[in-house]
Each structure stands twice: as structure tokens, then as C-alpha cells.
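Here is a short briefing to read alongside the model. Please keep the structure open as you go through the points.

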Amino acid sequence: MSPCPIPPKPASRPEKTSRLRQILLFRRDIFTSQPERLYRAKMAEFKTLFFHSYLINQPDLIHTVLKERPEDFPKSGVISSSLKDLLGNAVFVTNGATWKRQRRMIDPAFEGGRLRETFDAMVAAGETAIARINISNTPEPIEIEEETSHLAADVIFRTLFSLPITHRDANAVFQEFRAYQRSQPLLNLASFLPVPGWMPRIFNREAGRSARRIRALLSALTEARAIEISRGSAPDDLATKIMTTRDPASGTCFEAAEMVDQVAIFFLAGHETSASALAWALYLLASDPDTQLRAAREAQRVLGTGRPRFSDVRRLGFIRDVWRETLRLYPPVPMMLRETTRPERFRNRAIRRGAQIVISPWHLHRHPDLWHRPDHFDPGRWQRDEARENASTAWIPFSTGPRVCTGAGFAMVEGVLLLAMLLRAFEFRAVPGQVPVPVAHLTVRARDGIHLKIRPRGADTGT
Ligand code: HEM
């Protein structure tokens with residue numbers, strides 16, 4: 001067995017950096033704008049020109065904010081104009097009674113039994129990705145983030161609208177979303193912080209146009225589905241389930257425009273996050289051949305040569321540990337933002353009303369007081385006490401409390417299944433000298449992509 005490798009971690013800024021430089025770094029990438037001491041801090045205070053924020057990195061404080069008193073710490077009302085153009089009043093950005101109503105209507109679509117029903121669509125997307133990689137059959141490295149984005153978008157479209165990504169409308173949304181990301185160099189956490197209104201507008205006019213085009217496409221899909229539902233010919237997928245669920249409190253369903261908001265967040269949150277984690281998982285395995293071989297053997301043993309079944313996922317224990325460890329090291333949503341609604345006292349420090357509270361899975365998951373050798377890739381830790389103790393308090397890739405990710409169960413099946421299918425089909429190898437640099441956009445991505453060599457896996461893996 002090779003020793004646990006240390007995967008890439010972005011450089012931190014020097015402790016003494018001018019205020020202006022800090023702001024410039026922050027706008028470019030939030031990781032490199034932070035000092036190294038944040039990884040060891042329990043709480044840190046930041047004052048910039050535009051906002052006053054506190055990063056909390058202590059499990060009991062995070063518990064207070066996300067689980068004990070979430071209503072005292074709503075999501076900040078400020079998001080960049082182009083994100084608002086894309087998401088409208090989606091469940092991801094609302095608060096209070098609006099948010100509660102939205103969750104009452106969305107949550108039933110993700111209950112345990114429904115997950116089983118989405119499984120075939122996930123398998124079909126995995127098979128299509130494997131065929132796509134096989135056709136490209138090149139000895140040259142492949143940019144794997146691009147591939148996992150395609151795959152995760154395919155999963156979302158198949159589960160939400162019963163459409164493969166090759167379908168004209170689904171593909172149009174996917175392509176337009178890529179244009180949105182390209183025209184949105186500032187699509188990072190700064191989008192969620194209260195910077196002056198003029199700032200995002202100047203930079204993001206093209207992103208705003210792109211967002212409106214995406215919404216127009218999603219509106220057309222949603223309207224078509226509403227017609228199918230009224231005729232009784234709609235497929236039984238997530239879109240139909242969400243559109244036909246009545247809020248038990250008010251007896252109402254989503255209006256058409258509200259539904260477009262929800263579809264937009266499902267597409268964004270549901271594919272960007274899984275794509276990011278899948279790409280990092282493949283990179284971690286490519287850099288650690290022994291662990292990859294162990295995972296591939298498990299995939300071959302459990303899946304055999306046939307089509308994966310839902311019951312197989314439970315038996316892919318080691319691959320699940322690889323997935324958890326990837327979500328620890330590269331949590332796709334690296335930081336979450338909340339706002340105080342009244343004066344608070346944290347760690348004996350007075351916090352005024354309206355301050356930003358930053359909860360950072362990125363820092364929490366690498367805290368040396370909580371994790372043994374926190375920067376090491378070590379899936380084995382998930383079978384040790386350390387991880388079992390931390391699983392519900394210091395590992396929050398899906399957040400926690402009432403605002404926990406609606407797709408958490410979905411993503412835990414999707415990630416494990418797709419990794420197993422890909423590892424059964426291919427061997428992944430890192431390219432010497434090409435080390436990806438993590439940057440925080442809306443999700444954690446690699447600055448210049450992740451390039452891996454891929455070849456069909458021989459039958460020599462053994463079982
Ligand atoms: C590895 C995959 C995923 C990760 C790591 C992830 C992570 C997260 C996190 C951390 C949040 C909370 C953000 C915050 O409070 O600021 C969130 C919210 C959300 N996620 Fe996910 N997510 C993933 C996959 C998915 C999928 C597959 C879907 C849907 C199919 C989804 C739908 C949502 C929605 C709708 C919310 C908003 C929930 C609310 O605010 O009440 N996510 N996700």
C-alpha cells in the first residue's frame with residue numbers, strides 16, 4: 001500500500017496583506033485570499049470595505065446557526081444580479097414562510113422510495129458517459145471536469161424531465177449554461193456578499209443575458225410538462241412529482257413561474273456540485289493507484305458484468321468511503337453564508353445585527369483539532385472512530401439542519417454508483433507535472449481543469 005498522498009491545496013495569502021490586495025484576491029478566488037491561520041481558527045472576523053463577516057469553524061457554533069436557531073440566521077438577501085436573473089425566487093435563496101412552503105412541496109420528490117425510481121436514469125447517464133469516453137479512445141489526457149459536467153447534467157435532465165442530454169432542449173440548456181459560466185468570471189462566493197449593486201452589473205451583463213436565455217429554455221420545458229400533466233400523459237419523474245405536489249398547508253401547487261425558479265436551482269445545484277466532486281474523486285484515485293485498484297476491485301465484485309441494481313449501492317462500502325473522503329477534502333459548496341437578525345455573542349465577542357456569518361466546510365473539514373492528518377486523502381479514516389465521531393458535526397458537505405441539501409440522498413447514490421461504473425470500465429492515471437489548483441467558484445473547481453489519462457480497464461484487476 002502506498003502512503004496516503006497529500007492532494008493539492010491552494011496557497012494561502014501572506015498574513016500581512018494590504019486591504020486593497022485582499023479585496024482583489026477575494027474577487028478572484030476566495031481560497032487564496034485567506035490566511036493559513038483560518039485552517040486552525042475556531043472563529044475569525046473580517047472587515048472589508050463593503051461588509052463585516054465572521055467565519056465560524058467550531059462545530060457547536062455551526063450547530064447553533066444551522067440547526068438550533070436557523071430562523072435567526074437566514075440566508076443573506078443579497079445575491080448578484082445575474083444569479084438572481086437565473087434563479088429568481090428558487091428555494092436556494094428564499095427565507096421564512098416562502099422557503100418553508102417550497103420545501104414542503106419539493107421534499108416529497110426526494111423521499112427514499114423516489115430515489116429508487118431515479119436509479120435507472122442515473123445508470124443510463126453513466127452508460128452514455130462510458131460510451132462517450134470509449135468512442136474518444138485517445139492516449140491523450142482528457143479534461144475530466146468537462147466530462148463529469150456533461151455526465152452530471154445528463155443525470156439531472158433524465159431524472160427531472162426524462163430527457164437525455166442529447167435531446168435538443170436539454171443540450172441547449174447545457175450549452176447555454178457553459179456560456180453563462182464563461183461570461184461570469186466573478187461567479188464565485190462574492191456573488192453572495194453585499195458588494196455595491198453597480199459592481200456585478202458592470203462585469204456581468206453578458207451573464208445576465210445568458211441567464212435569461214437559460215430561463216426561457218427552462219420555461220418552455222416546464223410549460224410543455226404542464227400540458228402533458230393536464231392531458232394525463234406526463235412521465236413519472238421529478239418534474240411531474242414536484243409540479244403535482246400540493247402544499248399540505250395551503251393546498252396550492254407551484255405556479256408556472258415559481259416552478260421555473262425551482263427547475264433552475266435543480267439544474268444548477270444538482271449538476272455543478274456532483275460534477276465537481278466526481279472530477280476530484282477521479283483525480284484523487286488517479287493519484288493513488290493502490291486505492292484506485294481496491295475501489296475498482298470492489299466495483300467489479302459487486303457490479304459483476306451486468307447492469308447495476310439499486311441494491312448494489314449499499315454493498316459498495318469502500319467506494320462510499322472514497323466519495324465521503326472526496327466530499328471532505330473538496331466540498332463542492334466550500335462556504336455557506338448567513339446573516340444575523342439580532343445581536344449575537346459568539347466566543348465572547350459581540351456580533352452586531354446584519355453581520356455575515358460564513359460557515360466553511362472547506363476549513364472545517366481540514367481542521368487539525370478535528371481530523372487526523374487533515375490534508376491527507378485517506379478513505380480508510382471512514383472506518384475509524386475519528387470519522388464516525390465527526391460525521392454529523394464536522395463533516396457537512398450537504399450542510400445540516402432544516403436547510404440541508406434536498407439532493408443529499410440523491411447525490412450519495414449518484415456519486416457512489418457513477419464512480420463504481422467508471423472504475424469498472426476504465427483505469428485513470430494522473431499526468432506527471434499536471435497538478436490541478438482548487439479555486440472556489442460557485443463550486444470547487446480546478447483553475448485549469450483536471451487532465452487525466454484514461455484507458456479501458458483490463459480484466460487483470462482480480463476479484
Ligand atoms: C455532491 C453533490 C451535492 C452537494 C455537495 C450539495 C451541497 C449542498 C449544500 C451545502 C447546500 C446548502 C447551501 C446553503 O445552505 O447555503 C445545498 C442546498 C441545496 N441543494 Fe445540494 N448538493 C449536492 C447535490 C444536489 C442535488 C443532486 C440536488 C438536486 C437534485 C441538490 C439540490 C439542492 C437544493 C434545492 C438546495 C437548496 C435547499 C434549501 O435551501 O432549502 N443538491 N446543497
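Strand β2 (residues 52-56) pairs with strand β7 (residues 356-359) in the parallel sense, over 4 bridges. In this pairing, L55 of β2 faces V358 of β7. Please bear in mind that this is a predicted model.

**Strand β2 and its partners**

- On the β7 side the pairing is parallel, whereas strand β1 (residues 43-47) pairs with β2 in the antiparallel sense, over 5 bridges.
- Within the pairing of β1 with β2, look for E45, which stands opposite Y54 in β2.
- Is β2 largely enclosed by the rest of the structure, or is it left open? It is largely enclosed, because 4 of its 5 residues are buried.

**The surroundings of the ligand**

- How many residues surround the ligand? There are 22 of them, and the closest are G270, T273, C405, G407 and A411.
- Two elements, α11 (256-286) and α17, each give two or more residues to this shell.
- Helix α11 provides the largest share of the shell, with 7 residues.
- By class, the shell holds 14 nonpolar, 6 polar and 2 charged residues.

**Helix α12 against helix α17**

- A pair of packed helices is described by the distance between the axes and by the angle between them.
- For helix α12 (residues 289-303) and helix α17 (residues 408-425), the axes come within 8 Å and cross at roughly 100°.
- Angles of 65 to 115 degrees count as roughly perpendicular, so α12 is roughly perpendicular to α17.
- On the α12 side, the contact is made by A295, A296, A299, Q300 and L303; α17 contributes A420, L423 and R424.
- Sorted by class, the contact of α12 with α17 comprises 6 nonpolar residues, 1 polar residue and 1 charged residue.
- Helix α17 therefore appears in two of these topics: it is roughly perpendicular to α12, and it is one of the elements that give two or more residues to the shell around the ligand.

**The protein as a whole**

- If you would like to place these details in context, the protein has 17 helices and 11 strands.
- Of the 463 residues in the protein, 45% are buried.
- Among contacts with a separation of 6 or more, 74% are between residues 24 or more positions apart.

Terms used:
Residues numbered from 1 in each chain as written. Predicted model: local features only at pLDDT ≥ 70, side-chain atom pairs only at ≥ 80, totals over all residues. Axes fitted to C-alpha atoms, helices over the stretch in contact; angles between N-to-C directions. Parallel < 35°, antiparallel > 145°, perpendicular 65-115°, else oblique. Contact = placed C-beta atoms within 7 Å. Nonpolar A, V, L, I, M, F, W, Y, C, P; charged D, E, K, R; others polar. Buried ≥ 20, exposed ≤ 12 C-beta atoms within 10 Å, placed from the backbone. Pairing = 2+ DSSP bridges. Near = placed C-beta within 6 Å.
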